Amino acid sequence: MTYRGIRPAVFLARPNRFIARVELDGREETVHVKNTGRCKELLLPGCTVYLEKGANPQRKTPFDLVVVEKVRPGLPPLLINMDSQAPNRVFGEWMAAGLGEALGLPRPDVLRPEKTWGNSRFDFYWEKSCGAGEDETDVSRETQPERTLPRRGFVEVKGCTLEEDGLALFPDAPTLRGTKHLRELCACRAAGYEAAVCFVIQMAGISAFSPNDRTDPEFGRALRAAAGAGVGVLAVECAVTPDSLVMTRPVPVRL
């Protein structure tokens with residue numbers, strides 16, 4: 001995926017999780033932050049950030065903060081994409097191109113975002129060798145996928161922006177919602193569907209991925225339980241520039 005009209009700026013402060021103050025072309029500007037996470041280790045006063053010009057000229061915040069240069073003592077800055085909407089977009093591009101085959105995900109005949117199953121909604125639902133005319137808007141718990149289709153599955157996508165010494169970690173703050181998603185994927189798997197969680201690491205140069213047990217031990221336990229129940233645990237790093245994000249290669253998962 002690509003951005004348009006990217007401008008470099010200097011980060012000054014973040015009054016709340018939705019906005020930041022930056023210095024742009026010698027003046028102070030209030031911008032929208034496209035990530036409501038804490039990101040305290042990234043948004044440090046004086047660091048370089050990159051802004052995308054918003055499409056709506058009537059917006060109170062004309063720019064979106066989408067990329068940051070992470071300051072690393074003794075090392076070059078690390079470029080990290082902070083756009084929380086970007087992981088789903090790049091995963092959809094990656095999956096549709098058949099690049100998930102290296103991780104056991106097929107090139108799908110059908111790929112649908114925001115798919116409802118029972119009381120759950122997942123980021124993606126896919127079908128391989130789907131039946132003609134299939135255009136359902138929901139997949140009930142009673143549906144038996146093997147009757148009509150050889151393969152069906154769900155994927156939940158999580159964006160990862162936390163890095164420590166080359167190790168990608170998720171989450172950067174406790175996430176009850178993330179734990180709930182893992183348990184729902186286990187239910188999908190028990191019902192006969194394939195299921196996976198994919199951590200899109202919004203940076204390059206990562207050696208491995210692990211759950212952040214220090215910050216959210218319950219999520220770590222749920223992730224290990226999901227893996228034990230047959231849910232795929234995938235992690236893929238990205239090539240990042242100020243105006244683009246592309247998933248590139250899988251990285252090892254350490255549970």
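Two strands pair if DSSP finds at least two bridges between them. Helices (H or I, at least four residues) and strands (E, at least two) are DSSP runs, numbered from the N terminus. This is a predicted model: local features need pLDDT of at least 70, side-chain atom pairs count only at pLDDT 80 or more, and totals for chains, interfaces and linings use all residues. Residues are numbered from 1 along each chain as its sequence is written, and side-chain values use heavy atoms, with hydrogens and water left out.

**View 1. Strand 15 pairs with strand 13 and with strand 16.** Strand 15 (residues 232-241) and strand 16 (residues 244-250) are antiparallel, with 6 bridges between them. A hairpin of 2 residues links strand 15 to strand 16. C238 has M247 in strand 16 as its bridge partner. Strand 13 (residues 194-201) runs parallel to strand 15, again over 6 bridges. Here I201 sits opposite E237 of strand 15. Of the 10 residues in strand 15, 7 are buried (under 20% relative accessible area; exposed is over 50%, partly exposed in between; 1.4 Å probe, protein chains only).

**View 2. The largest nonpolar core holds 45 residues.** Such a core is a set of buried Ala, Val, Leu, Ile, Met, Phe, Trp, Tyr and Cys residues joined through side-chain atoms within 4.5 Å. V49, L51, F199, I201 and F209 have the most contacts inside this core. Contact means heavy atoms within 4.5 Å. Beyond its neighbours within four places in sequence, V49 is in contact with residues including R7, P8, F11, L43 and V68. Another core, of 25 residues, lies apart from the one around V49; V66, A86, M95 and F124 are among its members. In soluble globular proteins, nonpolar side chains tend to be buried together.

**View 3. Helix 2 packs against helix 3.** Helix 2 spans residues 176-190 and helix 3 spans residues 217-228. Their axes lie 9 Å apart, at an angle of about 15 degrees. Axes are lines fitted to C-alpha atoms, for helices over the stretch in contact, and angles run from 0 to 180 degrees between N-to-C directions. Helix 2 and helix 3 are therefore roughly parallel (under 35 degrees; over 145 is roughly antiparallel, 65 to 115 roughly perpendicular, the rest oblique). From helix 2, G178, T179, L182, R183 and C186 take part in the contact. From helix 3, the residues are E218, F219, A222, L223, A225 and A226.

**View 4. K34 and C39 lie in the loop between strand 3 and strand 4.** The loop runs between strand 3 (27-33) and strand 4 (48-53). K34 counts as buried, at 16% relative accessibility. Setting aside residues up to four places away in sequence, K34 touches D64, L65, V66, M82, D83, S84 and Q85. C39 is also buried, at 1% relative accessibility. C39 is not a glycine, but has a positive phi of about 50 degrees.

**View 5. Helix 1 contains buried residues and is followed by G98.** In helix 1 (residues 86-96), the buried residues include A86, V90, F91, W94 and M95. G98, just after helix 1, takes a positive phi of about 80 degrees.

**View 6. F170 and P171 share a cis peptide bond.** Omega is about 0 degrees. P171 belongs to the loop between strand 12 (167-170) and helix 2.
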